[in-house]
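Welcome! Take a moment to look over the sequence and the 3D picture below, and then we will walk through a few of the helices and residues together.

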Amino acid sequence: MTEYVVRFITGGLIVSAFAVLGDMLKPKSFAGLLGAAPSVALATLAIAVVQHGPQYAAAESWTMIYGAIALGCYSVVVCHLLMRFRFAALPATIISFAVWLAIAFGLLAGFGGAA
């Protein structure tokens with residue numbers, strides 16, 4: 001139960017800090033970008049360091065980096081499919097998700113990460 005309380009407090013503090021940072025930046029669309037993913041990732045890594053040590057957290061951080069790279073590729077592919085090739089949303093999402101999986105797991109297999 002203590003882990004959940006720590007996770008809740010740590011996540012809340014980091015989310016709040018990123019929300020304040022996002023609110024200070026222009027344009028306001030950064031607020032949504034900074035509100036969730038970075039703060040949750042940092043809270044997760046902080047708890048991983050405390051529970052499992054810095055080497056485990058380092059491996060976890062690499063898997064987060066691979067996922068972020070794959071998400072960037074997903075975004076580019078889905079934009080091209082929607083805007084340039086005029087795909088409907090569902091087929092574009094499914095194809096782009098397959099691209100995300102291939103890149104994320106390819107990076108994980110090629111470079112390693114969390115076991």
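Helices α4 and α5 are roughly antiparallel to each other, because angles over 145 degrees count as such and their axes cross at roughly 150°. Please keep in mind that this is a predicted model. Helix α4 covers residues 54–84 and helix α5 covers residues 89–111, and their axes come within 8 Å. The crossing of this pair is right-handed. What kinds of residues make up the contact of α4 with α5? By class, there are 21 nonpolar and 4 polar residues, and no charged ones.

Between α4 and α5 there is a loop, and Arg86 lies in it. Most residues other than glycine have a negative phi. Arg86, however, has a positive phi, near 55°. Is Arg86 buried or exposed? With a relative accessible area of 64%, Arg86 is exposed, because over 50% counts as exposed.

Next, try helix α1, which runs over residues 2–24. How far should its 23 residues span? At 1.5 Å a residue, the expected span is 33 Å, and the end C-alpha atoms of α1 are indeed 33 Å apart, so the two values agree. Some residues of α1 are tucked away from the surface: Thr10, Gly11, Ile14, Phe18 and Gly22 are buried. As a general point, an α-helix has 3.6 residues a turn, so residues three or four places apart point the same way.

Now for the cysteines. How many disulfides does a search of the whole structure find? The search finds 0. For Cys73, the closest cysteine sulfur is in Cys79, 12 Å away, and a disulfide needs sulfur atoms within 2.5 Å, so this is too far for a bond. Cys79 is likewise in no disulfide, with the sulfur of Cys73 as its nearest cysteine sulfur.

Finally, visit Leu108, which lies in helix α5. The C-alpha atoms of Leu108 and Tyr4 are 28 Å apart, and these two residues are separated by 104 residues along the chain.

Here are three residues from our tour that count as partly exposed, with their accessibility:

| Residue | Relative accessible area |
|---|---|
| Cys73 | 28%, partly exposed |
| Cys79 | 45%, partly exposed |
| Leu108 | 28%, partly exposed |

Definitions and conventions. Residues are numbered from 1 along each chain as its sequence is written. This is a predicted model: local features need pLDDT of at least 70, side-chain atom pairs count only at pLDDT 80 or more; totals for chains, interfaces and linings use all residues. Side-chain values use heavy atoms; hydrogens and water are left out. Axes are lines fitted to C-alpha atoms, for helices over the stretch in contact, and angles run from 0 to 180 degrees between N-to-C directions. Helices (H or I, at least four residues) and strands (E, at least two) are DSSP runs, numbered from the N terminus. Angles under 35 degrees count as roughly parallel, over 145 as roughly antiparallel, 65 to 115 as roughly perpendicular and the rest as oblique. A crossing is left-handed if the near helix is turned anticlockwise from the far one by less than a right angle, and right-handed if clockwise. Ala, Val, Leu, Ile, Met, Phe, Trp, Tyr, Cys and Pro count as nonpolar, Asp, Glu, Lys and Arg as charged, and the others, Gly among them, as polar. Buried means under 20% relative accessible area, exposed over 50%, partly exposed in between (1.4 Å probe, protein chains only). The expected span of a helix is 1.5 Å times one less than its number of residues.
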